[in-house]
Amino acid sequence: MRFLITGGAGFIGSHLAQRLVRRGYRVSVLDNLSTGRLGNLEPLVDARLVDFNWGSIQDRYTVEKLVGEADFVVHLAASLGVKLILEHPVESIETNVTGTQIVLEAAARNRTPVLIASTSEVYGKSNKVPFCEDDDLVLGSTRKSRWSYAASKILDECLALSYWEEKQLPTIVVRFFNTVGPRQNARYGMVLPTFVQQALAEVPITIHGDGKQSRCFCDVRDAVEAVTKLIDARAFGEIFNIGGTQEISIEDLAMLVRQRVGSRSQILYTPYDQAYGRGYEDMQRRVPSVEKLDGVTGFRPKIALQEIIDRTAAHLRSTMIEVV
Ligand SMILES: NC(=O)c1ccc[n+]([C@@H]2O[C@H](COP(=O)([O-])OP(=O)(O)OC[C@H]3O[C@@H](n4cnc5c(N)ncnc54)[C@H](O)[C@@H]3O)[C@@H](O)[C@H]2O)c1
């Protein structure tokens, strides 16, 4: 069986490629290396276990060719990260919407099943705890660029589910919640790798807002395990949350990172306005229900946050250190 992973040189994609290769599958990757790195895949590419293709999901010809050679597509390529979305909203929307449309069109022509990556951001400002897959999605004004990421992913979800309903293309939608681990890029505003880099460099750990907002973090090994289990279960036409359920405030996270890394970094608070511009909206809590994932696959993410931080720190120490 041959998998095509779009965005496979990225954080989640490279871990998934590794997992699929270990299971004996053939893997092709399509990635434009905008946020991903060839280095993430190098040992697999060198060993000819992964076939790397540089290019964009917006290039119809390339997508058609690679989808035609695959038995299953995992579509992860996207523009993401709050900072990147705020800095390049047009490009981000186009990548996420047009790119996904092109991938799904090619998959439909070739009758190739697709799993597409969505995000917990789609729950938006909803204050429900925990979030279940069929809950209402509550977004802010379209004048606020930060919502364009969630909106683009909602459209991707609608498109994938419509391809299943209307054209019987087997599709699965997964909503990742704050996935973390080695190789995650801190340059685009991801909180955990940023805190770990700051702690390692002994510079201040910067919290946006009052730090009372909380999140649940999921080890990337658990996330890719969930993905492979959903593919095995052929859970088509469905949406699944994939996330950890251990909730922690961002302030407590900063302190835990400092303690695990053994750092003397100060903890500083930056108002949202200063970090992201005026009128920035954030969610207080974001907790996934993983009952549906568990019900279909018998699996729920379980790796503890302490271990996630230690591995991220070990990885960053070994690659020391880019931009803080
Ligand atoms: N990491 C998380 O916590 C998280 C949370 C929610 C959703 N997601 C989703 O999971 C997927 C993977 O995210 P990630 O964390 O691995 O991020 P990532 O930035 O490491 O991976 C995305 C990959 O897509 C590639 N890419 C971007 N635009 C492309 C294009 N036009 N053509 C081809 N390749 C392109 C990038 O180079 C990168 O390798 C994304 O769809 C993202 O929206 C991730």
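## Starting at a loop

Which loop is Glu 202 found in? Glu 202 sits in the loop between α7 (191–200) and β8 (205–208). Keep in mind that this is a predicted model. Glu 202 comes just after α7 and takes a positive phi of about 60°. Why does Glu 202 count as exposed? There are 12 other C-beta atoms within 10 Å of Glu 202, and a residue with 12 or fewer is called exposed.

Now step back into the helix. α7 is mostly covered, with 10 of its 10 residues buried. Among them are Val 191, Leu 192, Phe 195, Val 196 and Leu 200. What do the buried residues of α7 pack against? Their partners are β7 (179–180), β8, α9 (250–261) and α12 (305–319).

## The nonpolar core

Val 196 is worth a closer look. The largest nonpolar core has 85 residues, and Val 174 and Val 196 are the ones that touch the most other members. If you skip the neighbours within four places in sequence, Val 196 is in contact with Val 257, Val 261, Ile 309, Thr 312, Ala 313 and Leu 316.

## Around the ligand

How many residues surround the ligand? There are 30, and the closest are Gly 7, Gly 10, Thr 35, Gly 36 and Ala 78. Four elements give two or more residues to this shell: α1 (11–22), β2 (26–31), α5 (89–110) and β5 (114–119). α1 gives the most, with 3 residues. Sort the shell by class and you get 12 nonpolar, 17 polar and 1 charged.

## Two helices side by side

Here's a bit of background: a pair of packed helices is described by the angle between their axes and the distance between those axes. For α5 and α6 (146–167), the axes come within 9 Å and cross at roughly 10°. That makes α5 roughly parallel to α6, because angles under 35 degrees count that way. By class, the contact of α5 with α6 has 10 nonpolar, 6 polar and 3 charged residues.

Which residues meet there? On the α5 side they include Pro 89, Ile 93, Val 97 and Leu 104, and on the α6 side they include Ser 148, Tyr 149, Leu 159 and Tyr 163.

## Ser 145 and its company

Ser 145 is found in the loop between β5 and α6. Is Ser 145 buried or partly exposed? Ser 145 is partly exposed, because it has 19 other C-beta atoms within 10 Å, and being buried takes 20 or more. Not counting residues up to four places away in sequence, Ser 145 touches Ile 85, Leu 86 and Pro 89. Pro 89 also turns up among the α5 residues that meet α6. The chain brings in a distant residue as well: Ser 145 and Tyr 280 are 135 residues apart along the chain, yet their C-alpha atoms are separated by 9.1 Å.

## Backbone oddities

Most residues other than glycine have a negative phi, and most peptide bonds are trans. Let's look at what goes against that here. The peptide bond from Val 129 to Pro 130 is cis, with omega near -10°. Pro 130 lies in the loop between β5 and α6.

Leu 33 is not a glycine, but it has a positive phi of about 55°. You'll find Leu 33 in the loop between β2 and α2 (42–46). Leu 33 counts as partly exposed because it has 14 C-beta neighbours inside 10 Å. Glu 202 belongs on this list too, with a positive phi near 60° in a residue other than glycine.

Note on methods:
Residues are numbered from 1 along each chain as its sequence is written. This is a predicted model: local features need pLDDT of at least 70, side-chain atom pairs count only at pLDDT 80 or more; totals for chains, interfaces and linings use all residues. A residue is near a molecule or strand if its C-beta atom, placed from the backbone, lies within 6 Å of it. Ala, Val, Leu, Ile, Met, Phe, Trp, Tyr, Cys and Pro count as nonpolar, Asp, Glu, Lys and Arg as charged, and the others, Gly among them, as polar. Two residues are in contact if their C-beta atoms, placed from the backbone, lie within 7 Å. Axes are lines fitted to C-alpha atoms, for helices over the stretch in contact, and angles run from 0 to 180 degrees between N-to-C directions. Angles under 35 degrees count as roughly parallel, over 145 as roughly antiparallel, 65 to 115 as roughly perpendicular and the rest as oblique. A nonpolar core is a set of buried Ala, Val, Leu, Ile, Met, Phe, Trp, Tyr and Cys residues joined through C-beta atoms within 7 Å.
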